[in-house]
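Subject: Handing over a structure, with notes

Dear colleague,

I am passing this structure on to you, and I would be glad if you could look through it alongside the notes below.

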Amino acid sequence: GSAQRFGVPLGYGGPHAAFFSVKESLKRAIPGRIIGVTRDADNGLAFRLTLQTREQHIKRNKATSNICTAQALLANMAAMYAVYHGAEGLRSIAEKVHFSTCIVAEGARRAGHHIDDGAFFDTLKIRIRSEQAFQDALVNAEIRQINIRIYEDEPYTIGISLDETVTSEDLDDLLFVLGAPSSTNLWQQFKPGDGGILRTKFERTSEYLTHPTFKKYHSEHQLTRYIREPECIFY
């Protein structure tokens, strides 16, 4: 999975911390690098460094930047984000993001558009109802200065992703792009569990962030002291 949501900005797609899990007996067999195959802008075959534990492919005498430290910093940022917010804070953020996405999904449906089947959390794939409505959506998005994804291989289809920075004004702008009702009316009629992943097999029910560390440092002052603590111990 990706830990990009955990306090790490988008950064034009990366890099950011990631994680995966294996059985105890296999942990020593985890690869140091995973190379993916993709296509470049000219449709040519290309290889992509999908995952790496460190910059081991760069020879020390040829390294021109301290990338290793920078990549470890991303993992530390994600960890401190979780420490600062704790389990309740992360749940509150996740609920806000998901409920906002559900509002956009409901607005899109009421405007006659089709939402891609399947569970969603923060990202929607929307098939606009007609070519004219699709062109109108593009114009409205430009008016509101919103970047939306356009699926070039699927006609009249766009993608929208939301995060915790989205405001009610942003929701209204997105609904305007889709030609949908305002978010005020939708919020009043929306019930948690309408669409999305709530009350499905994908909703998490187990505990998380149960270590005492995630329950202590929920102010800027407390977190700063906690981050400083290891330095004081070792130096």
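What follows is an account of the salt bridges first and of the nonpolar cores afterwards.

Please keep in mind that this is a predicted model, in which local features need pLDDT of at least 70 and side-chain atom pairs count only at pLDDT 80 or more, while totals for chains, interfaces and linings use all residues. Residues are numbered from 1 along each chain as its sequence is written, and side-chain values use heavy atoms, with hydrogens and water left out.

The structure holds six salt bridges, a salt bridge being a side-chain nitrogen of Lys or Arg within 4 Å of a carboxyl oxygen of Asp or Glu. One of them joins the side chains of E106 and R109, at 3.7 Å from N to O. Both residues belong to helix α1 (residues 67-110), where they sit three residues apart, about one turn of the helix; helices (H or I, at least four residues) and strands (E, at least two) are DSSP runs, numbered from the N terminus. E106 counts as partly exposed at 27% relative accessibility, and R109 is likewise partly exposed at 39%, given that buried means under 20% relative accessible area, exposed over 50%, and partly exposed in between (1.4 Å probe, protein chains only).

Another salt bridge pairs E154 with K125, whose closest N and O atoms are 2.6 Å apart. This pair links distant parts of the chain, since E154 lies in the loop between β5 (149-150) and β6 (157-161) and K125 in strand β4 (residues 123-127), 29 residues apart.

D173 and R144 also form a salt bridge, with 2.8 Å between the closest N and O atoms. Here too distant parts of the chain are linked, with D173 in helix α3 (residues 168-178) and R144 in the loop between α2 (131-143) and β5, 29 residues apart. D173 is partly exposed, with a relative accessible area of 21%, and R144 is partly exposed at 33%. Salt bridges that share partners join E106, R109 and R110 into one network.

Turning to the interior, the largest nonpolar core has 28 residues, and I126, I158 and L178 have the most contacts inside it; such a core is a set of buried Ala, Val, Leu, Ile, Met, Phe, Trp, Tyr and Cys residues joined through side-chain atoms within 4.5 Å. The elements giving two or more residues to this core are α1, β4, α2, β6 and α3. Apart from it lies another core, of five residues, including Y81 and L90.

With best wishes
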